[in-house]
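Please follow this explanation with the sequence and the three-dimensional view side by side. It goes from one element to the next and ends at a single residue.

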Amino acid sequence: MKNEIFLDNLQLLPDPIKQLVLSVGDGVDLPESVRIVTGDLGWPVALVKLGDTFVHTNSLMDPWDEAKRWAETLDYKDVMVSFIYGCGFGYPLLEYAKRKKPYTETIIFERNIDLFYAMLSRIDMRPLLKDQSVHVVLGDIQQMRAQLEEIITADFLLRATKPASFFTWLAHRNEKEGYLEIHDWIWNTLELHLSSVGNSVHDTLVGMYNTLDNVDRVLDSISLSSLRGAFAGKPALIVANGPSLDKNIDALVQATGKSIVLTAESALRPCLRRNIRPDAVCVTERTPNVYHIHFEHEHFPKELVLVGLTLMDPRIPQRFPGPWVPVFRKGESTGKWIQQCIADDLEGLHGGGSSAHLAFEFALWLGANPVIFVGQDLAFGPNKTTHSRLSAYSEDYLAEQVQWLQSQPTYSVPGVNGERVLTTKTWYEFKTWFEQQISLHPETRFIDATEGGAYIQGTELMTLREAIETFCHEPLPMDLYHRVITMNHASSDLDRQGKYGALLTRIRQLRDQFHQLADAADEDIRNCQLVERACLLHEKYPGTVLPPFIETLFQKSANAFRKYAVDEFIVPFTQQIIFAMHKKINDVGEVDTVERLKSVTTLQGQMIRDIQQICRLVEQHFDLAEKRVISRTTIKE
């Protein structure tokens, strides 16, 4: 006999959640880990197996009254995003649905797929599941991660500046530890997403100019795609500049020639001081400081390969005697349009937030296995040391930077030796990034041979000598340097002319787009001014009613920002102000009074004026970029 309640609920779920639910079993009435009993008033209540015992999910006396009392304790007004931990067998969610505001986007996290299945089979959840602003995330963290990718859009992030979190009673009473882990994970995920919103307009322009200035060297270098899988199954060492590097750096010499040794730019100097030649140094930063600190006064062996983002300071590849493997940052649209004009393929790497992240990604790109971390403390060392004593950070001129780092708020996290160690927010984000990436590559072994610092989930712990003895047996048939220089990567004059021509055409197109957007902002600003004037008149004459067209204008103004946030090549310059102003708009809350209408409209108008100013500024910079490219080519104008 068909379970109509289950089928009605099931059809309202998105396909990925539907498949997870159906994985419980075909035609199963209830999973073995869940039982159903009837409460005093005839309502079904689940008994769910937790450990060796079964625990009831709701009150046996009156689950609806219990759910109502829970729902009445929650915040609803002005909450833009809600996270609810645990389904509570449905009753609390349905009471929540009666009270939630239409503007509140809600994500419900449920770890127990069996319990969710049982809820769908006994409770009519359609009032909740029909709401398009409600999302269910189901299963373990790995399964949740894939589901969240579809939910965390740019619009969601704009609203997530004002979130709230709630535990259903079952989740709080019996599964608090597991859901707190999910809570920490989701907040870290949001922080990583929000931190990826982008750099300032200045930094974005610096990256654009650097990439344009690097075009000549990019055209003369091999492509990233030509190295994919080039060292499949070979060990790779990722050498960072943590304080533990001083313990075991001398062991690295035993790995050279028998593995791919990739260093962060700040770890290069310690290696060279110990006569250790890495295969490559990795660079991600665009700022001039990286050049001045790590490259300006150093002498490099010609066999050292540079693996760097195309947006780095052009003086680095110009000064570098060895070959460069240029890497376009994946997902970074300012580099993407340049790549589309000058590259033969669109391969790239994300680059993470540090040069060690880039080294990690490059090792995986090469097909390396295992990947071995060295000097990757991601935490303070003894006496709050921050870096290797052999690095530039031991110099007096960087003392202020080190002191600033030491003054940052600290967090206690598990260390590799079982003790707690202190880390910073930035290092913790770096650690989280590694952990998320590691979880995506179950086919690869990850060894932490740092011998200190924070524990990175998903890694096996070894000393560096153990790792080298275990994995670095045989000399490589060919090292990275010889692999790179034997590839033909010369660009013909005709090919170069064509790519520079395409680049100039694209620069002009983007300049014109910014000009058009700046002009379009005038109407949006006028609409905001009309709404503000109507609010001021209402303040002067309190008995008057705002005319209906004001609501239409307000909604138009509320969505005006979208035209500046649609094109992926425009967004890097506008998204910072859009996110910053939406944080302020969200803080005002629900627009249910004329006073709030005026406050929000004023913020909307300021946002559009700021965007207009940015568009005018960027238009001028594209004019300069055009002249800069022309000066480097022989294209006739």
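A residue is called buried here when its relative accessible area is under 20%, and exposed when that value is over 50%. The model is a predicted one, and with this cut-off in mind one may begin at helix 4, which spans residues 91-99 and in which Y91, P92, L93, L94, E95 and Y96 are buried. The cover over these buried residues includes two helices, helix 3 (63-71) and helix 6 (126-129), together with strand 2 (44-50), strand 4 (81-85) and strand 5 (105-110).

From there the view can move to the nonpolar interior. The largest nonpolar core holds 89 residues, and of these F109 and L503 touch the most other members. Helix 23, running over residues 493-540, gives the most to this core, namely 13 residues. Setting aside neighbours within four places in sequence, L503 is in contact with L212 and V215, with W337, I338, C341 and I342, and also with V629. Another core, of 46 residues, lies apart from the largest one and has A236, V307, L349 and W365 among its members.

The next feature to trace is a sheet. It is an open sheet of 8 strands, paired in parallel, whose order reads 12-11-10-9-8-13-16-17. Its edges are formed by strand 12 (324-327) and strand 17 (460-461), each of which pairs on one side only. Within the sheet, strand 8 (residues 236-239) pairs with strand 9 (residues 260-264) in the parallel sense over 4 bridges, and I238 stands opposite L262 of strand 9. Helix 14, residues 265-273, packs on this sheet by touching strand 8, strand 9 and strand 10 (280-283), and its direction makes about 120° with that of strand 9. Helix 21, residues 464-471, lies across strand 8, strand 13 (371-374) and strand 16 (446-448), and runs at about 160° to strand 13.

The last stop is a single position, T601, which is placed in helix 26 (residues 594-631). Is T601 buried or exposed? Its relative accessible area is 0%, and T601 is therefore buried. The side chain of T601 reaches the backbone oxygen of L597 at 2.7 Å. Once neighbours within four places in sequence are left aside, T601 is in contact with C528, V531, E532 and F554.

Notes. Residues are numbered from 1 along each chain as its sequence is written. This is a predicted model: local features need pLDDT of at least 70, side-chain atom pairs count only at pLDDT 80 or more; totals for chains, interfaces and linings use all residues. Side-chain values use heavy atoms; hydrogens and water are left out. Buried means under 20% relative accessible area, exposed over 50%, partly exposed in between (1.4 Å probe, protein chains only). A polar contact is a pair of N or O atoms within 3.5 Å; within protein, one must be able to donate a hydrogen and the other to accept it, and residues adjacent in sequence count only if both atoms are side-chain atoms. Contact means heavy atoms within 4.5 Å. A nonpolar core is a set of buried Ala, Val, Leu, Ile, Met, Phe, Trp, Tyr and Cys residues joined through side-chain atoms within 4.5 Å. Two strands pair if DSSP finds at least two bridges between them. Axes are lines fitted to C-alpha atoms, for helices over the stretch in contact, and angles run from 0 to 180 degrees between N-to-C directions.
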